Amino acid sequence: LSASFVHLKDTSGGCGQMFEAIIVSPAFKGKTTLMRHRAANAALKEEIAAVHAWSQKCFTEEEWERRK
């Protein structure tokens, strides 16, 4: 994904089976939310298969700068 920023948070309460992620990448520019999620899911396919729950927010660098 050539991510410029990734923040991963364990929301499982300690069991390590639920994660939330923020992924910032120039590769997301011009893509819909669904396309971004599919790209992240494809890149992390093996890791996602090993957990119970996975939530993500994908931003371009410009979108992320506005949110900060």
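This is a short tour of a predicted model, moving from the whole chain to a few residues worth selecting.

Begin with the whole protein chain coloured by pLDDT, where the average is 96 and 100% of the residues score at least 70. Confidence is lowest in helix H2 (residues 45-49), at a mean of 95, and highest in helix H1 (residues 33-43), at 98.

Next, switch to a cartoon coloured by secondary structure, which shows three helices and three strands, arranged along the sequence in the pattern β-β-α-α-β-α. Viewed along its principal axes, the C-alpha trace spans about 35 × 25 × 20 Å. The radius of gyration of the chain is 12 Å, which agrees with the value near 11 Å that a compact globule of 68 residues would have. Of the contacts with a separation of 6 or more, 53% join residues that are 24 or more positions apart.

Now display the surface, of which the chain exposes about 4800 Å², with carbon and sulfur atoms supplying 53% of that area; of the 68 residues, 22% count as buried.

To look inside, select Ala 21, Ile 23, Phe 28, Ala 40 and Cys 58, the five residues that make up the largest nonpolar core. Keep Ile 23 in the centre of the view: leaving out residues up to four places away in sequence, Ile 23 touches Leu 1, Ala 3, Phe 5, Val 6, Phe 28, Ala 40, Gln 56, Lys 57, Cys 58 and Phe 59. Two of these partners, Ala 3 and Gln 56, are the next stops.

Select Gln 56, which is found in strand S3 (residues 53-59). Is this residue buried or exposed? Its relative accessible area is 10%, and Gln 56 therefore counts as buried, the limit being under 20%. Show side chains here, and a polar contact of 2.7 Å can be seen joining those of Gln 56 and Asn 41. Beyond its neighbours within four places in sequence, Gln 56 is in contact with Ala 21, Ile 23, His 37, Ala 40 and Asn 41.

Finally, select Ala 3, in the segment before strand S1 (5-10). With a relative accessible area of 38%, Ala 3 is partly exposed, whereas Gln 56 is buried. Which residues does Ala 3 contact once its neighbours within four places in sequence are left aside? They are Ile 23, Val 24 and Ser 25. For the last of these, draw a distance between C-alpha atoms: Ala 3 and Ser 25 are 4.3 Å apart in space, although 22 residues apart in sequence.

Definitions and conventions: Residues numbered from 1 in each chain as written. Predicted model: local features only at pLDDT ≥ 70, side-chain atom pairs only at ≥ 80, totals over all residues. Heavy atoms only, no water. Core = buried A, V, L, I, M, F, W, Y, C linked by side-chain atoms within 4.5 Å. Buried < 20%, exposed > 50% of the residue type's maximum accessible area, 1.4 Å probe, protein only. Contact = heavy atoms within 4.5 Å. Helix = DSSP H or I, 4+ residues; strand = E, 2+ residues; numbered from the N terminus. Polar contact = N/O pair within 3.5 Å; in protein donor to acceptor, adjacent residues only side chain to side chain. pLDDT = per-residue confidence, 0-100. Rg over C-alpha atoms; globule rule 2.2 N^0.38 Å. Areas by Shrake-Rupley, 256 points an atom, 1.4 Å probe, with all protein chains shown as cover.
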